[in-house]
Amino acid sequence: MREPTLQHASRHTAQPLVLAQGRLAALGWGRADAPVWLALHGWLDNAASFSRLAPLLADALDIRVVAIDFRGHGHSQHAAFGSDYALWDYCHDVLDALDALGIEQASLLAHSMGAAVACLLAAAMPERIARLTLIDGLGALNTPAQETASQLRKGLIAYRRPLSRPPRYTDIESAVAARVAGGVTTLDSVTAMPLVERNTQATADGYLQMRTDSRLLKPSLVRFTPEQVLALLACIQAPVLLIEGEQGILGQRAWAEQARLAVNDLTRHVLPGGHHLHLESKAVAAVAELATAHWGAAV
């Protein structure tokens, strides 16, 4: 691991980036010519998900963390009309970002849905992935084979409904309160603030409107089966560091146990915190310390 050579001020300032011919937006932390870790956020989040963890890792490991906004999230472009937001479509966002950054073999830092995307890519294209650091996410949402028709029905009906108007708020505090109240997992206002700030834009009449594509709220047309996800996990060749929150979404659930056992080279740690422990002010330092201790000699 090389000695840091960059001034600390520039390490801690997020640098906005545009990748993939303008299709993807991103944020970067760290020395411009340092080894890059690509960071992948969760569903309905954005690159600011890593705004508290990335500077710590950039300092400790002398790396550059580049966090992308997936399509339809944050400042990235929405998917074209008539197209979908299937989980595997996000793999193209990752590959496009890696190609734009000139990275042949990537270190991925990924949370929740981003962790699912990282697992898919590591299984399908192992030559492109050097290591995975997964935060409270492993494998992918799945549907038993016998429920395929029901899942497809839900998706088709939802996709044919008119799109809802993006929610509007009088101020950032109202937008944050809505995210906290409507989140799938528990999230407090301090943790939610960076996500909401990046995901809002001012309207002509003085309100704040969400940038997120409302199509992201529609159910998937098709999902992998549990057996397919376990088979994909078994194909991952890269070493995996899995950091879970004590109040996260994995824990001792039967599916999570199966998923962890399916991975050939997995190191698991459980830390105090919730699903967004990498963004929680009380938990982020411990996440950074753990990742640094685990990967420090390898970077």
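Visitor: Which residue is the bridge partner of Ser107 in strand 6?
Guide: Happy to start there, with the reminder that this is a predicted model. Strand 5 and strand 6 (residues 129-135) run parallel and are joined by six bridges. Within that pairing, Ser107 has as its partner in strand 6 the residue Arg131.

Visitor: Is strand 5 buried or exposed on its two faces, and which residues lie on the side of Ser107?
Guide: In a regular strand the side chains alternate between the two faces of the sheet. Strand 5 (residues 106-111) is mostly covered, with six of its six residues buried. On one side, Ala106, Leu108 and Ala110 are buried. The other side is buried too, and its residues are Ser107, Leu109 and His111.

Visitor: Which residue stands opposite Leu109 of strand 5?
Guide: Let's look to strand 3 (residues 36-40), which runs parallel to strand 5 and is joined to it by four bridges. The residue opposite Leu109 is Ala39.

Visitor: What is the bridge partner of Leu40 in strand 4?
Guide: Strand 3 also pairs with strand 4 (residues 64-68), in the parallel sense and over five bridges. Leu40 has its partner in strand 4, namely Ile68.

Visitor: In what order do the eight strands of the open sheet come?
Guide: Good moment to zoom out. Strands of a sheet pair through backbone hydrogen bonds, either parallel or antiparallel. Here the pairing is mixed, and the eight strands follow the order 1-2-4-3-5-6-10-11.

Visitor: Why is one side of strand 1 and of strand 11 left without a neighbour in that sheet?
Guide: The sheet is open, with strand 1 and strand 11 at the ends of the order 1-2-4-3-5-6-10-11. Strand 1 (15-19) and strand 11 (266-274) each have a single partner strand, so one side of each lacks a neighbour: they stand at the edges.

Visitor: What is the average twist from one strand to the next, and what angle does helix 3 make with strand 3?
Guide: From strand to strand, the twist averages 25°. Helix 3 (residues 89-101) packs on this sheet and touches strand 1, strand 2 (24-29), strand 3, strand 4 and strand 5. Its direction and that of strand 3 make an angle of about 155°.

Visitor: Is Leu271 buried or exposed?
Guide: Leu271 lies in strand 11. Leaving aside neighbours within four places in sequence, its contacts include Ile243, Leu277, Val287 and Leu290. Its relative accessible area is 13%, and the cut-off for buried is under 20%. Leu271 is therefore buried.

Visitor: Which strands are at the edges of the sheet with the order 7-9-8?
Guide: This open sheet has three strands and antiparallel pairing. Strand 8 and strand 9 (residues 208-210) are joined by three bridges, with Ala202 opposite Leu208. The strands that pair on one side only are strand 7 (168-169) and strand 8 (200-202).

Visitor: How do helix 6 and helix 7 pack, roughly parallel or roughly perpendicular?
Guide: Helix 6 (residues 172-182) and helix 7 (residues 189-198) have axes 9 Å apart and an angle of about 115° between them. That makes the pair roughly perpendicular.

Visitor: How many of the residues in the contact of helix 6 with helix 7 are nonpolar?
Guide: Helix 6 brings residues including Ile172, Val176 and Arg179, and helix 7 brings others, among them Ser189, Met193 and Glu197. Of the residues in this contact, two are charged, one is polar, and the nonpolar ones number eight.

Note on methods: Residues are numbered from 1 along each chain as its sequence is written. This is a predicted model: local features need pLDDT of at least 70, side-chain atom pairs count only at pLDDT 80 or more; totals for chains, interfaces and linings use all residues. Side-chain values use heavy atoms; hydrogens and water are left out. Axes are lines fitted to C-alpha atoms, for helices over the stretch in contact, and angles run from 0 to 180 degrees between N-to-C directions. Angles under 35 degrees count as roughly parallel, over 145 as roughly antiparallel, 65 to 115 as roughly perpendicular and the rest as oblique. Contact means heavy atoms within 4.5 Å. Ala, Val, Leu, Ile, Met, Phe, Trp, Tyr, Cys and Pro count as nonpolar, Asp, Glu, Lys and Arg as charged, and the others, Gly among them, as polar. Buried means under 20% relative accessible area, exposed over 50%, partly exposed in between (1.4 Å probe, protein chains only). Two strands pair if DSSP finds at least two bridges between them.
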